[in-house]
Amino acid sequence: MPAALSALLDALYPPRCLVCTQALPSMQPSLCSRHGFDPLEQGPVCPRCAAPKSPHLPAAVACAACRKKPPRFQRTLKLGGYHSAAPLRDWILGLKHGGRRDLAAPLGAALGRLLEAEPQEWRDSALLVPVPLHPLRRLERGYDQALLLARAVAREQGLPCLAALKRQRHTVPQGSPGPGSRLANVQGAFGLRRRARVLRDRPVWLVDDVLTTGATASECARVLMRGGAARVGLLVVARASRRV
Ligand SMILES: [Zn+2]
Ligand SMILES: [Zn+2]
């Protein structure tokens, strides 16, 4: 295409940010400076739960909360933090509540790149498993964002995705109760589907959009380990901030 024509097209139809639809200068990638994945907030984080931790702790040492009461998952990878000012909030609100299922693909691609830096024991024959959505939520949203994310990561990384977990009883939606009651609330809430036999001896990455207390993810990890998974890690778009 001649340069003049492409400049004219850009003026008429400027490329827009995928998330906020802000017009972008010509030849830009499809994300504005606020919604790009790079650089996202990164300080020292706990290898187990990805919560910010004291910079004085060695990299391999878990945060105080995980040392006191380790969750059943052994590793957490996140794109960034989730709070009112964080760019990822717009992504997650769009994906969860804005009907923007198309945002799962770019998020999944970015999550997949995090996996690439993991050691072999976490990558070889790894399986991606979404945290199952509450059926009522699925009904009101029309899609399951964790499943869309897990599939997007799987596609990007050439790994299998399996909805190995199911909700087996009604739980009160998370959000109001404190961490203790959250744990009691999710105990026994998940079970394995019959085809979950393929879990055996494989590393499993549980996929979800936001990690809050970790109670749900920990319970899912417990069920997956009982089902034979070699190890369970957590792959999330964002982690809600926790005081350290
Ligand atoms: Zn934007
Ligand atoms: Zn931790």
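**Helix 9 and the sheet beneath the questions**

Reader: Which strands does helix 9 lie across?

Author: Helix 9 lies across strand 2, strand 5 and strand 6, and it runs at about 165° to strand 5. Helices (H or I, at least four residues) and strands (E, at least two) are DSSP runs, numbered from the N terminus. Angles run from 0 to 180 degrees between N-to-C directions, with axes fitted to C-alpha atoms, for helices over the stretch in contact.

Reader: Where does this model come from?

Author: This is a predicted model, where local features need pLDDT of at least 70, side-chain atom pairs count only at pLDDT 80 or more, and totals for chains, interfaces and linings use all residues. Residues are numbered from 1 along each chain as its sequence is written, while chains are lettered from A and ligands numbered from 1 in the order in which they are written.

Reader: How many helices and strands does the protein have?

Author: Its secondary structure comes to nine helices and six strands.

Reader: OK, the sheet. What order are the strands in?

Author: The order is 1-6-5-2, in an open sheet of four strands with parallel pairing. Two strands pair if DSSP finds at least two bridges between them. Strand 1 and strand 2 each have a single partner strand and stand at the edges, so one side of each has no neighbour in the sheet. On average, neighbouring strands of this sheet are turned by 20° against each other, direction ignored.

Reader: How many bridges join strand 1 to strand 6?

Author: Seven, and the two strands run parallel. Arg 75, for instance, has Gly 233 in strand 6 as its bridge partner. Leu 77 stands opposite Leu 235, also in strand 6.

Reader: Is strand 1 mostly covered or mostly uncovered?

Author: Mostly covered, with seven of its eight residues buried. A residue is buried if 20 or more other C-beta atoms (placed from the backbone) lie within 10 Å of its own, exposed if 12 or fewer, and partly exposed in between. Across the protein, buried residues make up 36% of the 244 residues.

Reader: What about the largest nonpolar core? How many residues has it?

Author: It has 62 residues, and those with the most contacts inside it are Val 129, Leu 149, Ala 150, Leu 206, Val 207 and Leu 224. The largest share, eight residues, comes from helix 7. Other elements giving two or more residues to this core include strand 1 (75-82), helix 4 (104-116) and strand 5 (203-211). A nonpolar core is a set of buried Ala, Val, Leu, Ile, Met, Phe, Trp, Tyr and Cys residues joined through C-beta atoms within 7 Å.

Reader: Pick Ala 150. Which residues does it touch?

Author: Leaving out residues up to four places away in sequence, Ala 150 touches Leu 128, Val 129, Pro 130, Cys 161 and Val 207. Contact means C-beta atoms within 7 Å.

Reader: How do the axes of helix 4 and helix 7 cross?

Author: They cross at roughly 55° and come within 7 Å. Among the residues that meet there are Ala 104, Leu 107 and Gly 108 in helix 4, with Leu 148, Leu 149 and Ala 152 in helix 7.

Reader: New topic. What is the phi of Thr 21?

Author: It is positive, about 60°, although Thr 21 is not a glycine. Thr 21 lies in the loop between helix 1 (3-12) and helix 2 (64-68). Thr 21 counts as exposed because it has 9 C-beta neighbours inside 10 Å.

Reader: And Asp 201, buried or exposed?

Author: Exposed, with 10 C-beta neighbours inside 10 Å. Asp 201 has a positive phi of about 65° and lies in the loop between strand 4 (190-192) and strand 5.

Conventions
Two residues are in contact if their C-beta atoms, placed from the backbone, lie within 7 Å.
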